[in-house]
Amino acid sequence: MKNPLIAMTSPALDTLFTWIRTESPTHDVAGVNLMMDLVVSQMEGAPVAIERIPGEEGLGDALILRAGPQTDEPAILIMSHLDTVHPVGTIQHDLPLRIEGDRLYGPGVYDMKASAWFTLEAFKEVARKGTAARPLIYLVTPDEEIGSPMTRPIIEDLARRSAYVLVTEPSRDGGQIVTARKGVGRFDVHVEGRPAHAGSRHAEGRNAVYEAARQILAIEAMTDYARGITTTVGMVSGGTAVNTIPQHCSFPVDLRVETVADGEALTKAILGLKPHNPDFKLTVTGGMNRPPYERTEGTSRLFDHAKSLAAEIGFELVSAPRVGGGSDGNFTAALGVPTLDGLGIDGNGAHTLQEYGVISTIAPRQELMKRLMETLR
Ligand SMILES: [Zn+2]
């Protein structure tokens, strides 16, 4: 089979490869800002107004790109993030940039550099042709992978002034897009016990790791698949030496819920955890980070429209069942703005060393993004 990427012009190919070679984990300000520079240069010569918002608190910059009719009517907001979860150096050995058949491998290719790249190409084309259906606002963010602490207010502010939101997170299993996502909560639990020598003064110690283990059992037991509730303790740290009863132990908790009510109930349960013994001190902080993204009537209509455009282009657009991963689309959907997510490239292995995008899905998805920008009245 002819390699579909070869069919693209070589300058375009070079740009995407440069993007993937530019490693940009969230906390690598230099890398993330280089990505923002690449976006700015991609827009060169196009009628696009660029606003660059300096990063705060160890994060890279954000970009707001504006094109299309400069009127006050509610805009089409498009959102991409250019940070990844892969540390610098991943591309050297663990996940080298390479093409295997229809798969393009590399750090962040699927989540979400290829998608941001082709959507920006579509945006630029619509800007050049002057065919936008409404004002277009393209927000490019540096901090999605850590929950968007810096850009959440910007996202919400722009969403309030928009009629539609399009998010370029990767599509799922065979190209399904996303119209509902679980809400995400994050908590930190800290247990303080009493240190003691493990040999000579065992009875005087209060083992913080032991108490943490009991708390973890309680937290994991809150998982309820039937209600779509999951709790995960994915990391634990505690203790200082093998022969010392540990004074401290702490761990984060990941919570996923389908409804706002469950988010509130589980938040209360987790924040309300009590030590099993008064000699331990338990401190729990955190709360819901991303509210659940529920499929509304507006989002259903937006999906139907996108589905008919896809049919014109020649592919079937399918909506995935509610997905567990949160995204910036949760923030905009929670404000009641019709939101389509998962409009990005098909592929698999997000956040792993097997991450790849399916090359042949770039062209039809790019066309879909372009048609959405041109037709969302
Ligand atoms: Zn992502």
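Colleague: Arg186 is partly exposed; what is its relative accessible area?

Modeller: This is a predicted model, in which local features need pLDDT of at least 70 and side-chain atom pairs count only at pLDDT 80 or more, while totals for chains, interfaces and linings use all residues. Residues are numbered from 1 along each chain as its sequence is written, and side-chain values use heavy atoms, with hydrogens and water left out. Buried means under 20% relative accessible area, exposed over 50%, and partly exposed in between (1.4 Å probe, protein chains only). Arg186 falls in the partly exposed class, with a relative accessible area of 43%.

Colleague: Which residue forms a salt bridge with Arg186?

Modeller: A salt bridge is a side-chain nitrogen of Lys or Arg within 4 Å of a carboxyl oxygen of Asp or Glu. For Arg186 the closest N and O atoms are 2.6 Å apart, and the partner is Asp254. Arg186 lies in strand β8 and Asp254 in strand β13, so the pair ties together parts that are 68 residues apart in sequence. At 16% relative accessible area the partner is buried: Asp254.

Colleague: How many bridges join strand β8 to β13?

Modeller: Strands (E, at least two residues) and helices (H or I, at least four) are DSSP runs numbered from the N terminus, and two strands pair if DSSP finds at least two bridges between them. Strands of a sheet pair through backbone hydrogen bonds, either parallel or antiparallel. β8 (residues 183-192) and β13 run antiparallel, with Val189 having Phe251 as its bridge partner in β13. The number of bridges joining β8 to β13 is 10.

Colleague: Which residue in β13 stands opposite Thr231?

Modeller: Strand β13 covers residues 248-257, and 7 of its 10 residues are buried. Strand β11 (residues 237-238) joins β13 antiparallel by 2 bridges, with Ser237 opposite Ser250. Strand β10 (residues 230-232) also pairs with β13 in the antiparallel sense, over 3 bridges. The residue of β13 opposite Thr231 is Leu255.

Colleague: Glu156 and Arg152 both lie in which helix?

Modeller: Glu156 forms a salt bridge with Arg152, the closest N and O atoms being 2.9 Å apart. Glu156 counts as buried at 16% relative accessibility, whereas Arg152 is partly exposed at 29%. The two residues are 4 apart, about one turn of the helix, and the helix is α4 (residues 152-160).

Colleague: Which residue forms a salt bridge with Glu121?

Modeller: The structure holds 27 salt bridges, and Glu125, Lys129, Glu367 and Lys370 are linked in a network of them. Glu121 and its partner both lie in helix α3 (residues 109-129), 3 residues apart, about one turn of the helix. The partner is buried, with a relative accessible area of 13%. The closest N and O atoms of this pair are 3.7 Å apart, and the partner is Lys124.

Colleague: Why is the arrangement around the zinc ion irregular?

Modeller: Donors are N, O and S atoms within 2.8 Å of the metal (3.2 Å for Na, K and Ca); water is not among the atoms, so sites may look incomplete. The zinc ion is coordinated by His81 (NE2), Asp111 (OD) and two OE atoms of Glu169, at 1.8 to 2.8 Å. Four donors count as tetrahedral if all angles lie between 85 and 135 degrees; four count as square planar and six as octahedral if opposite donors are over 155 degrees apart and all others between 65 and 115; anything else is irregular. The arrangement is irregular because the 4 donor atoms subtend angles of 50 to 147 degrees.

Colleague: How are the donor residues of the zinc ion spaced in sequence, and what does this join?

Modeller: The spacing of the donor residues is H-x29-D-x57-E. His81 lies in strand β3 (residues 75-81) and Glu169 in the loop between β7 (162-167) and β8, so the pair ties together parts that are 88 residues apart in sequence. Both residues of this pair are buried: His81 and Glu169.

Colleague: At about how many degrees to β17 does α3 run?

Modeller: An open antiparallel sheet has 4 strands in the order β4-β5-β17-β16. Its edge strands, each pairing on one side only, are β4 (98-100) and β16 (347-348). Contact means heavy atoms within 4.5 Å; axes are lines fitted to C-alpha atoms, for helices over the stretch in contact, with angles from 0 to 180 degrees between N-to-C directions. Helix α3 lies across β5, β16 and β17 (356-358), and its angle to β17 is about 45 degrees.
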